[in-house]
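Open the model in your viewer and show it as a cartoon, with side chains ready to switch on. The tour goes stop by stop: select, look, move on.

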Amino acid sequence: MPAHVLILGGTTEARRLAAGLAARPGVRVTTSLAGRVTRPGAVAGEVRIGGFGGAQGLADWLRTHHVDALVDATHPFAEAITANAARAAAATEIPWVVLRRPGWRPGPGDRWYDVPSLAGAAEALPGLGRRVFLSTGRLGLAAFAHLTELHFVVRSVDPPEPPLPPDTELVLARGPFTVADETELLRTHRVEVLVTKDSGGEATAAKLTAARELALPVVVVRRPPLPRGVAVVSDVAGVREWLGLSPL
């Protein structure tokens, strides 16, 4: 049984995993949060806030704190953190696994446009609609700043930093949101097209259902690839199995 598990967190799955591990005798669990959200939700076990200073800093932290296993349960688009985890795990020879919930797939009635990046989403927008619900978080909005003819509705927990598109309407709110919530938002702001990252999971999928019911096109930014050779599991039970732990 691993004595100390470090979770690179920030997702619903990371909180669930931390709660389960913290309840086990003999297991010390630490969750690391990047600190990009000013009021993160409660997390069981120990919590640290802020970056490590790159792959070398993470490797040093793993050694200093005698970490036995590393779990990357960050957002699927936290590409830099995952790359640093791969290098730090290789340098320290500490076992590591990536927890990634499955990505979304279109269903009957969906009008999805897959793009590889936020820049690709910006390129696709002018032909799809003028009023855009930009549900990609508060980072990376500079990719849309040149689209002066479009109206953007941006929802974020904390205010985004500039540059922003010149015609931007900011909605500060924290989820989860129901299908009724998302439908009301889309109707109230007369949204014509939705842009989202492929976060996966049920927690933020209500907007996709609302867009389907309103027959709106959806631009979906696909996930960056994972490092080669990494172990990947799709849920908390998979991490528990990887750690060799039986269900509670």
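Which residue forms a salt bridge with arginine 100? Select aspartate 72: the closest N and O atoms of the pair are 3.8 Å apart. Keep in mind that this is a predicted model.

**Stop 1: the Arg100 pair**

Color the two partners by position in the chain. Arginine 100 sits in the loop between strand S5 (96–99) and strand S6 (111–115), and aspartate 72 belongs to strand S4 (residues 69–72), so the salt bridge ties together parts that are 28 residues apart in sequence. Now turn on the surface. Arginine 100 counts as buried, because its relative accessibility is 7% and the cut-off for buried is under 20%. Aspartate 72 is buried too, at 0%. This salt bridge is one of 10 in the structure.

**Stop 2: the open sheet**

Stay with S4 and S5 and select the sheet around them. Six strands make up this open sheet, in the order S3-S2-S1-S4-S5-S12, with parallel pairing. Go to the edges: strand S3 (46–49) and S12 each pair on one side only. Neighbouring strands here are turned by 25° against each other on average, direction ignored.

Zoom in on strand S1 (residues 4–8). S1 runs parallel to S4, and four bridges join them. For a landmark, pick leucine 6, which stands opposite leucine 70 in S4.

Next, bring in the helices. Helix H2 (residues 54–64) packs on the sheet and touches S1, strand S2 (28–33), S3 and S4. The direction of H2 makes about 155° with that of S1. Helix H3 (residues 79–92) also packs on the sheet, touching S1, S4 and S5. Set H3 against S5 and the angle between their directions is about 160°.

**Stop 3: strand S11**

Is S11 enclosed or open to the outside? Five of its five residues are buried, so S11 is largely enclosed by the rest of the structure. Show its side chains. Pro217, Val219 and Val221 lie on one side, Val218 and Val220 on the other, and all are buried. In a regular strand, side chains alternate between the two faces of the sheet.

Now add the partners of S11. S6 pairs with S11 in the parallel sense over five bridges. There, arginine 111 stands opposite proline 217. S10 pairs with S11 as well, in the parallel sense over four bridges. Pick threonine 196 to find its bridge partner in S11, valine 220. Then trace the chain from S10 through H6 to S11: this β-α-β crossover is right-handed.

**Stop 4: the salt-bridge network**

Which residues are linked in a network of salt bridges? Select Asp114, Asp198, Arg222 and Arg223.

Take arginine 222 and aspartate 114 first. Their closest N and O atoms are 3.3 Å apart. Arginine 222 lies in the loop between strand S11 (217–221) and strand S12 (231–233), and aspartate 114 lies in S6, so the pair ties together parts that are 108 residues apart in sequence. Arginine 222 is buried, at 18% relative accessibility.

Move on to arginine 223 and aspartate 198. Their side chains meet in a salt bridge at 3.8 Å, N to O. This pair links the loop between S11 and S12, home of arginine 223, to the loop between strand S10 (193–197) and helix H6 (206–213), where aspartate 198 lies; the two are 25 residues apart. Check the surface once more. Arginine 223 is partly exposed, at 24%, whereas aspartate 198 is buried, at 3%.

Notes: Residues numbered from 1 in each chain as written. Predicted model: local features only at pLDDT ≥ 70, side-chain atom pairs only at ≥ 80, totals over all residues. Heavy atoms only, no water. Salt bridge = Lys/Arg side-chain N within 4 Å of Asp/Glu carboxyl O. Buried < 20%, exposed > 50% of the residue type's maximum accessible area, 1.4 Å probe, protein only. Pairing = 2+ DSSP bridges. Axes fitted to C-alpha atoms, helices over the stretch in contact; angles between N-to-C directions. Contact = heavy atoms within 4.5 Å. Right-handed = clockwise from strand over helix to strand, strands pointing away.
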